[in-house]
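Hello,

Here is the structure I promised to pass on to you, and I would be glad if you kept it open while you read the notes that follow.

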Amino acid sequence: MNRAETVVNSLARTLGEVVATGATPDEGRDVTTTPSRPAVVATGLRKSFGDHVVLDGIDLSVAEGTVFALLGPNGAGKTTAVRILSTLIGADGGDVQVAGHDLATDADGIRAAIGVTGQFSAVDNLLTGQENLILMADLLHFGRAEGRRRAAELLGKFDLVDAAGKLVSTYSGGMRRRLDLAMTLVGDARVIFLDEPTTGLDPRSRHTMWRIIRELVAGGVTVFLTTQYLDEADELAGRIAVLDHGTLVAQGTPDELKRRIPGGHVRLHFADIAGLDAAARALGEVTRDDTALTLQVPSDGGVRSLRALLDRLEDASIEVGELSVHTPDLDDVFFALTGHPTTEKETVR
Amino acid sequence: MSTLTYAVSDSATMVRRNFRQALRYPGTMIMSLAMPVLLLLLFVGVFGGALGMSARGDYIDYVVPGILLMTVGYGATVTALAVNRDMTEGIIARFRTMAIFRVSVLVGHVVGALVRTLTSAVLVVGVALLLGFRPAGGPGGVIAAFGVIALLALALTWLAVAIGLLAKNAEGANLFILVVQVLPFLSSAFVPPDSMSGAVRWFAENEPFTPVIDTVRGLMLGTPVGSSGLIAVAWCVGFALAGYFWARALFRRDPVR
């Protein structure tokens, strides 16, 4: 079974789907959702630009030391939410507390506790990478030596040592993004806002960014990120809030969201047509594909139903080649929650 | 550290940012320093012959204070454009989300602009001396005149910062450029107002640049300044304060992008 598992794993990973490895799919996630003091709380947050309502009363709460993803398509209001929470623009209504400070009365208290990396790179193009980092250190009032030490450390960590003395205007997109995040991390921010941190990055830079985000959280930092990539929220976040036209249409762990909608199934692959026939008879309501030698069995992807399924196959002495669990991905969730897809993409399923 | 030391420290950081950027583009820097010197050469060499006919002594003695006024005006337009361009940089948004002394971003521009403008003014006077400019007011008069020039530069720079913040793009700052570059011509900067006609003359006698230019000229040439001095200082202080508070209010607005 071990080898089959490996195959399933790699296969499913390329498909970007969730794989059953015998453990609960929630493992490693529930840890981050244990309730603690919230790092970000917003109640009834509203914002309009003229007649255009961008945020129509959203409520959210982000536990300290977790990753929270605000997920939604372009124009949903994600950036506006981040801009308000990070004190960049004012709200029309609602209460906000970040790191224990109230936005209305103590915006500077919030500013001292947060780091922000916006969608447009917030770097100084006319300075070098190193000068940008030292500029941050100076504004955070670290001494000269400490500022240089932090700058050097971040240049190393973000693979910018060779480019440290070059003007930022000569940097590539990925380098600018890395410098941008490095500048956010010069201070010891407790809450970090990342507005679409991986938009426009190549896959390798994207994984580097994910790794950095995980390291931050491991260090006790709270990360509030926005993304339009469903797999990114799934990959990183302990909790996801789905934003659509200025309203939160759902909140929960990625798995909670995925379980809320139908469409999940288990795919079984057989060595020969006889196995396929036997399984189809034993399981009843299935969708079969004779050429691919696979069966699709409806399932919520939960451990209990998987065990029941495997027991039935075991009882009928049917040998299964490969097994993979296809919980609905967040694209399905989005469609089910809002009635419209995030993108115009064709659904293969 | 107290709030005041933070304000000073953050402003110093922003001034360093401004200088570092300026030094990175020496061409632009040299251009903006040399422009007023070119104006001086133009006025003395081209118009000087014709205008020098008036029985007011050497035209160069009359025109240097006017060129210094142009220098300040030109410096202000460079500042307005620089601030306008800087506001489109993403880093400004970052500054706004940091617990820093906010106005320091603007102070960096103002200090940088003052240093640039005054350096340019010193160059103008240096070249004028080589061309035969003989300020009768002596070194003391010239230094006092530079005090007035510095005050005017402070006033126009803060206004320029406000305009740079207000304008949606570089084109939007053009009206200001027009005003600060044309107003000196409608003053006593290049020709005495009594040679102008009716309404233009009334305007030239009462616009803020005229008392400033009369004061600078009086101090440099050792002629009586009269009430112009006080009026000039009042205009400058008024504009500086108005510019500062206007710029500060504009910078506190929610950014558009």
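Let me begin with the place where the two chains meet, where 20 residues of chain B are in contact with 25 residues of chain A. On the chain B side, the elements that give two or more residues are helix 1 (3–24) and helix 4 (90–96), and helix 1 of chain B gives the most, with seven residues. By type, the residues on this side of chain B divide into seven nonpolar, five polar and eight charged.

Please bear in mind that this is a predicted model, and that the confidence varies along chain A. The mean pLDDT of chain A is 82, with 84% of its residues reaching 70 or more. Among its elements, helix 1 (residues 2–15) of chain A has the lowest mean pLDDT, 41, whereas helix 4 (residues 129–139) of chain A has the highest, 96. Residues 1–34 of chain A stay under 50, and the model has 39 contacts beyond four places in sequence for them; residues 343–349 of chain A are also below 50, but that stretch has zero contacts beyond near neighbours in sequence.

Chain A contains an open sheet of six strands in the order 6-7-8-3-9-10, with mixed pairing. Strand 6 (114–117) and strand 10 (247–252) of chain A each have a single partner strand, so one side of each is left without a neighbour in the sheet. The twist from one strand to the next averages 15 degrees. Strand 6 of chain A runs parallel to strand 7 (residues 191–195) of chain A, and four bridges join the two; Ile114(A), for instance, stands opposite Val191(A) in strand 7. Helix 6 (residues 173–184) of chain A lies across strands 6 and 7 of chain A, at about 170 degrees to strand 6, while helix 7 (residues 203–218) of chain A lies across strand 3 (67–71), strand 7 and strand 8 (222–227) of chain A, at about 150 degrees to strand 8.

Chain A also has an open sheet of four strands, in the order 2-1-4-5, in which the pairing is antiparallel. Its edge strands are strand 2 (52–63) and strand 5 (101–102) of chain A, each of which pairs on one side only. Two bridges join strand 4 (residues 93–98) of chain A to strand 5 of chain A, and the bridge partner of Val98(A) in strand 5 is His101(A). Helix 2 (residues 78–85) of chain A lies across strand 1 (38–49), strand 2 and strand 4 of chain A, running at about 120 degrees to strand 1.

In chain B, I looked at how helix 3 packs against two other helices. The axes of helix 3 (residues 59–87) and helix 6 (residues 138–166) of chain B come within 8 Å and cross at roughly 30 degrees, which makes these two helices of chain B roughly parallel. The residues of their contact divide into 16 nonpolar, seven polar and no charged.

Helix 3 of chain B packs against helix 5 (residues 104–130) of chain B at an angle of about 155 degrees, with the axes 9 Å apart, and helix 3 and helix 5 of chain B are therefore roughly antiparallel to each other. This crossing of helix 3 and helix 5 of chain B is right-handed, and the residues that make the contact include Ile60(B) and Val64(B) of helix 3 and His109(B) and Arg116(B) of helix 5. They divide into twelve nonpolar, six polar and one charged.

Best wishes

Key:
Residues are numbered from 1 along each chain as its sequence is written. Chains are lettered from A and ligands numbered from 1 in the order in which they are written. This is a predicted model: local features need pLDDT of at least 70, side-chain atom pairs count only at pLDDT 80 or more; totals for chains, interfaces and linings use all residues. Axes are lines fitted to C-alpha atoms, for helices over the stretch in contact, and angles run from 0 to 180 degrees between N-to-C directions. Angles under 35 degrees count as roughly parallel, over 145 as roughly antiparallel, 65 to 115 as roughly perpendicular and the rest as oblique. Ala, Val, Leu, Ile, Met, Phe, Trp, Tyr, Cys and Pro count as nonpolar, Asp, Glu, Lys and Arg as charged, and the others, Gly among them, as polar. Two residues are in contact if their C-beta atoms, placed from the backbone, lie within 7 Å. pLDDT is the predictor's confidence in each residue, from 0 to 100. Two strands pair if DSSP finds at least two bridges between them. A crossing is left-handed if the near helix is turned anticlockwise from the far one by less than a right angle, and right-handed if clockwise.
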